[in-house]
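The following note sets out some points on strand pairing and on enclosed cavities. Please read them alongside the sequence and the model.

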Amino acid sequence: MRQVKRLGLLGTGVIGGGWAARALHFGIDVVAADVKPEMEGWIRGAVENAEGALARLTLAPLPPKGRLTFTTDLNAMAAQVDFIQENIPEQLELKQRILGQVSRHAPADVLIASSTSGLMPTDLQRDMQHPERFLVAHPFNPVYLLPLVELVGGAKTSAESIDAAARFFTYIGMHALKVRREVPGHLTDRLQEALWREILHMVNEDVATTGELDDSIVYGPGLRWAAMGTNLIYHLAGGETGMRHMLRQFGPALKWPWTKLEAPELTESLIDKMVEGTQAQADGRSIREIERLRDGYLVAIQQVLKQFNIGAGSTLRALEERLYEDAAGTARASIRASVDKGTELRLIELEVRPEWIDYNGHMTDSRYLQVFGDATDALLRYAGVDDEYRKSGRALFTVESHVTHRAEAKAMEPLYVTTRVLELDDKRIRLFHSLFRRRDDVLVATAEQVYLHVAQGKAAAMGAALHEALARVQASHAKLPAPAHAGRVTLRPAG
Ligand SMILES: NC(=O)c1ccc[n+]([C@@H]2O[C@H](COP(=O)([O-])OP(=O)(O)OC[C@H]3O[C@@H](n4cnc5c(N)ncnc54)[C@H](O)[C@@H]3O)[C@@H](O)[C@H]2O)c1
């Protein structure tokens with residue numbers, strides 16, 4: 001299967017827009033295709049809207065943003081992309097027809113996935129050419145922030161297609177959940193639907209308002225679900241003997257009439273109650289306002305879960321590890337060549353992201369430290385400070401940073417960082433970074449930084465292999481003239 005550099009979107013509504021934002025953010029080009037030309041403006045707006053929250057998801061070094069193009073020619077899109085994600089309305093005949101059509105224009109090694117909420121892949125792939133490359137890849141709204149994507153194969157889907165799709169979705173920061181066999185509604189929508197049907201019953205029978213039912217989730221089970229789901233939490237409900245005891249204790253309740261599952265009739269009066277209830281909850285706030293609030297806390301929750309390496313937090317952690325490794329991987333080969341030649345290391349290539357711009361139209365202060373930090377990270381990874389090293393309780397902490405600003409960097413400006421090892425002892429290293437504009441090699445900023453090696457929270461000598469690798473780099477820099485802006489800090493004791 002192909003490496004996905006360009007994603008094709010079929011249908012650019014709510015879900016297509018979400019896929020576009022996620023893919024572009026992680027450096028994938030997007031060709032968006034929709035039958036309605038006015039959707040171009042819509043999808044560009046959706047991508048822009050998503051950017052605020054996405055930009056706060058991680059500080060790990062990102063590749064340059066992907067490029068978005070739009071077309072109303074579905075076949076032309078299919079002929080020029082590496083992966084197609086279909087997001088047109090949830091109608092079986094329409095999807096079958098359009099999937100069959102685009103499959104005749106997409107090369108045989110291009111995977112085609114459907115975002116369908118509940119249709120079966122065997123039905124969807126019926127009229128396709130090369131149906132073995134088709135699967136359901138069901139995301140969740142907002143696609144750009146929720147990592148879950150359910151992967152479901154149909155009767156003709158190959159296992160390789162599912163695996164290749166899982167690799168792509170993981171690359172763009174998602175948790176690919178392989179569903180063992182196709183069932184209507186896949187996994188998550190079956191669970192959500194059960195809850196939803198009970199909600200409709202209770203509102204219909206005036207047992208509770210929509211707001212009270214939401215309170216019954218958000219103050220309680222919702223907090224547990226985000227990290228442990230239902231089953232592991234119920235395992236805890238059984239005390240020391242876990243699930244077995246829990247089933248013995250609460251088993252009889254399964255026979256009681258606690259749930260109805262079959263939905264009530266959607267009468268006008270029920271619809272009114274649902275609409276009035278949610279309007280009261282919205283309390284005058286627009287959909288956009290509530291979306292921004294939702295996006296903000298979805299980012300914050302994932303960052304908290306990351307500390308516990310659990311659920312969506314472990315997906316975010318794995319994504320960041322991949323991003324740092326990719327940045328370091330690019331740096332590795334160039335470090336080796338530089339050490340041989342005795343030149344400065346060129347560690348990081350980047351573009352000033354639009355969200356890094358301050359009110360003066362230039363890259364804002366804090367991002368300089370982030371970029372220099374990424375360069376340090378790439379050097380240290382090369383020398384052996386990776387996840388394994390850190391798991392042993394050892395790391396390098398920043399103890400001093402001196403940044404000088406020499407020129408401006410505007411949005412989308414391509415930049416690069418060069419790095420020198422100025423000093424090294426058994427516990428400390430002094431680095432000097434220079435940030436340049438790629439187009440004219442003008443120096444934009446410098447940073448002189450001292451890092452201290454710690455083990456189990458205390459200053460301690462570096463591991464021998466790490467020290468040796470850094471010493472080799474330092475020796476290769478020994479003959480270079482001292483950088484003009486260096487000397488604001490030194491490892492030698494004062495006086
Ligand atoms: N909305 C959700 O929360 C959600 C979540 C997960 C999955 N899904 C699934 O994603 C799919 C799309 O849902 P949505 O909410 O984005 O719908 P939507 O109505 O917002 O968008 C559908 C888009 O498809 C376009 N379209 C219609 N016919 C087309 C055709 N023949 N060719 C190309 N484009 C066409 C429409 O112009 C529209 O822009 C559905 O299958 C749905 O079940 C939706």
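1. In this predicted model, Phe 83 stands opposite Leu 111 in β5. The two strands concerned, β4 and β5 (residues 111–114), pair in the parallel sense over four bridges. Helix α4 (residues 92–103) joins β4 and β5 in a right-handed β-α-β unit.

2. Strand β4 also pairs with β1 (residues 6–10), again in the parallel sense and over four bridges. Here Gly 8 stands opposite Ile 84 of β4.

3. Both faces of β4 (residues 83–86) are covered. Phe 83 and Gln 85 are buried on one side, and Ile 84 and Glu 86 are buried on the other.

4. Two cavities of 30 Å³ or more are present in the structure. The largest holds about 50 Å³ of space. Its lining divides into five nonpolar, two polar and three charged residues; among the lining residues are Ala 55, Leu 59, Arg 353, Glu 355, Trp 356 and Arg 367.

5. Where does the largest cavity lie with respect to domain 1 (6–178) and domain 3 (342–477)? Both domains contribute residues to the lining, so the cavity lies between them.

6. The second largest cavity has a volume of about 40 Å³. Helix α14 (residues 312–341) supplies the largest share of its lining, three residues. The lining includes Arg 22, Leu 57, Pro 147, Gly 173, Gln 302 and Thr 315, and by class it comprises five nonpolar, three polar and one charged residues.

Methods. Residues numbered from 1 in each chain as written. Predicted model: local features only at pLDDT ≥ 70, side-chain atom pairs only at ≥ 80, totals over all residues. Heavy atoms only, no water. Buried < 20%, exposed > 50% of the residue type's maximum accessible area, 1.4 Å probe, protein only. Pairing = 2+ DSSP bridges. Right-handed = clockwise from strand over helix to strand, strands pointing away. 1 Å grid on protein atoms, 1.4 Å probe; cavity = no way out; pocket = protein on both sides within 12 Å on 5 of 7 lines; lining within 4 Å. Points joined across faces, edges and corners; volume = space filled by probe spheres on them. Nonpolar A, V, L, I, M, F, W, Y, C, P; charged D, E, K, R; others polar. Domains from an automatic or database assignment.
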